[in-house]
Amino acid sequence: MNNSIISKKSLAIAALAATSMFAISDIAQACSNFNFNANGNTFVGRTMEWPGELNAQVALVPQQHQFSYGTSKYGFVGIMHQDELFSSGLNEHGLNGEALVLGESQFAPEGQEQLKSGDLVGFVLSNAKNVDEAEALLKQHKVSIAAYDVVDGLHLATHFAFNDGKRAIVVEYQDGSGYPTIFENKLGVMTNDPSYQTQQSLAAMLVDGGKTQFSEETFAAFDMSPIGRFQKLTALHQTQDLQLVKSDFDAVNRAWNMINSVDIPQGALYWRFASDLPQFTSFANVVDINNKDYYFRTYDNMDVRKIDLNSINFKQAKFISKSIFKTGDYQEYSFK
């Protein structure tokens with residue numbers, strides 16, 4: 001790829017980015033998501049940004065838990081924000097779900113359907129063992145847009161990533177019918193905005209015939225916008241040397257390194273239309289699908305916490321949730 005081609009692609013990306021950012025200027029979250037395969041296993045990472053903590057709680061949902069939309073068939077662990085609103089989770093069969101804001105989403109009108117935009121992660125993880133079942137389930141149910149107090153009464157417009165280690169899909173609501181448009185997530189990367197089709201176009205500008213040559217000219221290393229984060233994660237996803245990832249432990253560390261690359265410290269980004277407080281990465285999580293491990297860390301405690309779903313009896317467990325923030329000091333290192 002010569003410099004003239006890079007220059008043309010950079011101009012095209014800049015033009016597309018400008019158009020997309022104009023369209024999403026009223027969006028107040030800045031989430032990122034990626035997945036990769038190593039040593040026959042799949043690893044997922046995501047970040048959550050907002051000018052605040054979003055009342056994030058780590059929750060254990062057992063089998064037979066009662067939601068407004070039905071009873072959970074399968075148990076799962078995830079991050080809950082309000083009542084039945086989950087942004088992330090992993091169920092006992094190894095199905096992962098992540099919700100990211102997408103301002104251009106078009107759900108069914110508010111109040112028309114029992115299933116709401118904030119229900120999807122919990123609904124799917126409660127009722128599907130794998131992506132195939134999740135896809136069939138989603139196609140059968142209409143979903144309405146809904147407003148949530150935890151995001152200051154805003155209507156929660158989102159798109160979703162589901163992954164079971166065999167298939168990865170992106171689910172969007174684009175036409176107001178309440179029924180989804182579903183894409184195979186071949187990119188392995190997505191951010192809160194723009195739509196997945198636009199992200200595919202962005203990726204095509206960066207990945208030419210399966211070959212990549214990235215430089216400072218092709219993406220802005222410190223661009224915290226959705227497109228900047230998408231470009232950065234695409235670069236990392238395409239150029240990673242998985243020969244260096246010799247174990248699941250290495251892969252989890254690789255996922256955290258990728259999360260670090262799009263971390264937003266307090267003060268690095270402001271979206272004044274949402275709040276005078278700074279945007280920041282309030283929490284991030286990593287999922288090891290084969291081993292059914294769910295990891296998370298928070299802005300106020302960078303120690304990584306691990307939940308081993310294999311150690312939980314979801315038939316006998318009780319529902320529990322607790323804040324993921326203000327969990328104490330760092331452990332002091334001992335040389336003994």
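**Exercise 1. In this predicted model, locate Pro-194 and state the geometry of the peptide bond that leads into it.**

Solution. Step 1: Pro-194 belongs to the loop that runs between β14 (189-191) and α4 (196-206). Step 2: the bond from Asp-193 to Pro-194 has an omega near 0°, and is cis. Step 3: as a background to this result, most peptide bonds are trans.

**Exercise 2. Examine the phi values of Gln-64 and Lys-292, and determine for each residue whether it is buried or exposed.**

Solution. Step 1: the general expectation is that most residues other than glycine have a negative phi. Step 2: Gln-64 has a phi near 70°, a positive value in a residue other than glycine. Lys-292, which is not a glycine either, has a positive phi of about 55°. Step 3: Gln-64 lies in the loop between β3 and β4 (66-67), while Lys-292 is found in the loop between β15 and β16. Step 4: exposed requires over 50% relative accessible area and buried requires under 20%. Gln-64 has 55% relative accessibility and therefore counts as exposed. Lys-292 has a relative accessible area of 19%, so it is buried.

**Exercise 3. Describe the surroundings of Asn-96, starting from its place in the fold.**

Solution. Step 1: Asn-96 is situated in strand β8 (residues 96-101). Step 2: its relative accessibility is 1%, and therefore it counts as buried. Step 3: a polar atom of the Asn-96 side chain lies 2.9 Å from the backbone oxygen of Gly-89. Step 4: leaving out residues up to four places away in sequence, the residues that Asn-96 touches include Val-44, Leu-90, Leu-125 and Val-287. Ala-161, Phe-162 and Asn-163 are also among its contacts.

**Exercise 4. Characterise the second largest cavity by its volume, its lining residues and the elements that supply them.**

Solution. Step 1: the structure contains 2 cavities of 30 Å³ or more, and the second largest has a volume of about 40 Å³. Step 2: Asn-96 is one of its lining residues, which also include Asn-33, Val-44, Glu-98, Phe-162, Ile-169 and Asn-185. Step 3: two or more lining residues come from each of β1 (32-38), β8, β11 (158-163) and β12 (168-172). The most come from β11, with 3 residues. Step 4: sorted by class, the lining has 5 nonpolar, 5 polar and 1 charged residues.

**Exercise 5. Identify the residues of the largest nonpolar core that touch the most other members, and the elements that build this core.**

Solution. Step 1: the core has 30 residues, of which Val-77, Tyr-294, Ile-307 and Ile-324 touch the most other members. Step 2: the elements giving two or more residues are β2 (41-50), β3 (57-61), β6 (76-82), β7 (85-91), β8, β15 (280-288) and β16 (293-298). Step 3: β2 gives the most, with 3 residues. Step 4: beyond its neighbours within four places in sequence, Ile-324 is in contact with residues including Val-58, Ile-79, Phe-283 and Phe-296. Step 5: another core, of 29 residues, lies apart from this one, and Val-121, Leu-137, Leu-138 and Phe-162 are among its members.

**Exercise 6. Assess how many residues of helix α2 are buried, and name elements that cover them.**

Solution. Step 1: helix α2 (residues 120-127) is mostly covered, with 7 of its 8 residues buried. Step 2: the buried residues are Leu-120, Val-121, Gly-122, Phe-123, Val-124, Leu-125 and Ser-126. Step 3: the cover over these residues includes the strands β4, β6, β7, β8 and β11, together with the helix α3 (131-140).

How values were computed: Residues are numbered from 1 along each chain as its sequence is written. This is a predicted model: local features need pLDDT of at least 70, side-chain atom pairs count only at pLDDT 80 or more; totals for chains, interfaces and linings use all residues. Side-chain values use heavy atoms; hydrogens and water are left out. Helices (H or I, at least four residues) and strands (E, at least two) are DSSP runs, numbered from the N terminus. Buried means under 20% relative accessible area, exposed over 50%, partly exposed in between (1.4 Å probe, protein chains only). A polar contact is a pair of N or O atoms within 3.5 Å; within protein, one must be able to donate a hydrogen and the other to accept it, and residues adjacent in sequence count only if both atoms are side-chain atoms. Contact means heavy atoms within 4.5 Å. A nonpolar core is a set of buried Ala, Val, Leu, Ile, Met, Phe, Trp, Tyr and Cys residues joined through side-chain atoms within 4.5 Å. On a 1 Å grid over the protein atoms alone, a cavity is a set of points where a 1.4 Å probe fits but cannot get out, and a pocket is an open set with protein on both sides within 12 Å along at least five of seven lines; lining residues have an atom within 4 Å of a point. Grid points are joined across faces, edges and corners, and a volume is the space filled by probe spheres set on the points. Ala, Val, Leu, Ile, Met, Phe, Trp, Tyr, Cys and Pro count as nonpolar, Asp, Glu, Lys and Arg as charged, and the others, Gly among them, as polar.
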